[in-house]
Amino acid sequence: MESLTAFILCGGKSSRMQSEKGLVLFKNKPFIEHIIKAILPITANIKLITTNKEYDYLTYQKIPDIISDKGPLGGIYTALINSETEFNLILSCDIPLISTELLSELVSKHNQEAEITVFASESRMHPLIGIYAKKVLPVIKSAIDNDDLKMMNLIAKVPHQIITIEESENFPLTNINSADELNDLNINLS
């Protein structure tokens with residue numbers, strides 16, 4: 001893939017976590033820093049979708065949602081509108097275990113005919129760890145206009161590629177949504 005922009009979606013209400021998810025500490029570093037570290041060997045072109053001033057300590061461009069309160073779909077819409085590359089790595093801000101190896105696999109296996117490429121195991125799909133082509137913008141805009149905000153519905157509407165992973169490979173892709181899940185993560189890794 002010739003060039004790639006990475007967007008980290010830092011929006012969201014964080015209602016279960018009770019604090020900004022991307023800034024939750026894991027191994028003494030905010031989630032966002034773990035994610036950036038995993039992305040950097042692939043691309044230095046990283047942007048954050050957020051209006052939260054707490055991310056200002058990072059030097060990356062911050063972009064506010066164009067259409068607010070539309071969940072991850074609204075964040076992806078904002079990312080793609082602001083992208084100068086055809087293909088874009090879209091990641092949520094709550095996946096501290098993501099690795100360069102997994103992201104490299106996603107990028108290397110991505111078929112350029114696919115407008116969206118994501119990982120999935122038998123039990124779950126990971127729509128917020130994916131490659132999204134800029135050309136899905138009209139489909140996303142239509143979904144937002146119709147308040148059809150489910151990620152699975154979007155994926156079903158466009159040519160997509162699923163990279164199948166084993167159930168055991170779900171762990172590094174796990175998003176951490178609550179203090180309990182963070183506590184479980186720390187216990188599992190200790």
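This briefing looks at the nonpolar cores, one enclosed helix and two cysteines of the structure above. The model is a predicted one. Its largest nonpolar core has 32 residues, and apart from this core lies another, of 22 residues. The count of disulfides comes to 0.

**The largest core**
- Inside this core, the residues with the most contacts are Ile8, Ile32, Leu48 and Ile98.
- At least two core residues come from each of these elements: strands E1 (4–9), E4 (46–49), E6 (87–92) and E8 (125–133), together with helices H1 (31–39) and H3 (100–109).
- Helix H1 gives the largest share, with 5 residues.
- Take a look at Ile8: among the residues that Ile8 touches are Ile32, Ile35, Ile36 and Ile39, and also Leu48, Leu91 and Cys93.

**The other core**
- Apart from the largest core, you can find this set of 22 residues, which includes Leu73, Val136, Ala143 and Leu154.

**Helix H2**
- Helix H2 covers residues 71–81, and 8 of its 11 residues are buried, so the rest of the structure largely encloses this helix.
- The buried residues in H2 are Leu73, Gly74, Gly75, Ile76, Tyr77, Thr78, Ala79 and Leu80.

**Two cysteines without a bond**
- A disulfide is a covalent bond that joins the sulfur atoms of two cysteines.
- Why is Cys10 not in such a bond? The closest cysteine sulfur, in Cys93, is 5.0 Å from the sulfur of Cys10, which is too far for a bond; the cut-off is 2.5 Å.
- Cys93 is likewise in no disulfide.
- Cys10 counts as buried because its relative accessibility is 2%, and Cys93, at 3%, counts as buried too.

Definitions and conventions. Residues are numbered from 1 along each chain as its sequence is written. This is a predicted model: local features need pLDDT of at least 70, side-chain atom pairs count only at pLDDT 80 or more; totals for chains, interfaces and linings use all residues. Side-chain values use heavy atoms; hydrogens and water are left out. A nonpolar core is a set of buried Ala, Val, Leu, Ile, Met, Phe, Trp, Tyr and Cys residues joined through side-chain atoms within 4.5 Å. Buried means under 20% relative accessible area, exposed over 50%, partly exposed in between (1.4 Å probe, protein chains only). Helices (H or I, at least four residues) and strands (E, at least two) are DSSP runs, numbered from the N terminus. Contact means heavy atoms within 4.5 Å. Lists of a residue's contacts leave out its neighbours within four places in sequence.
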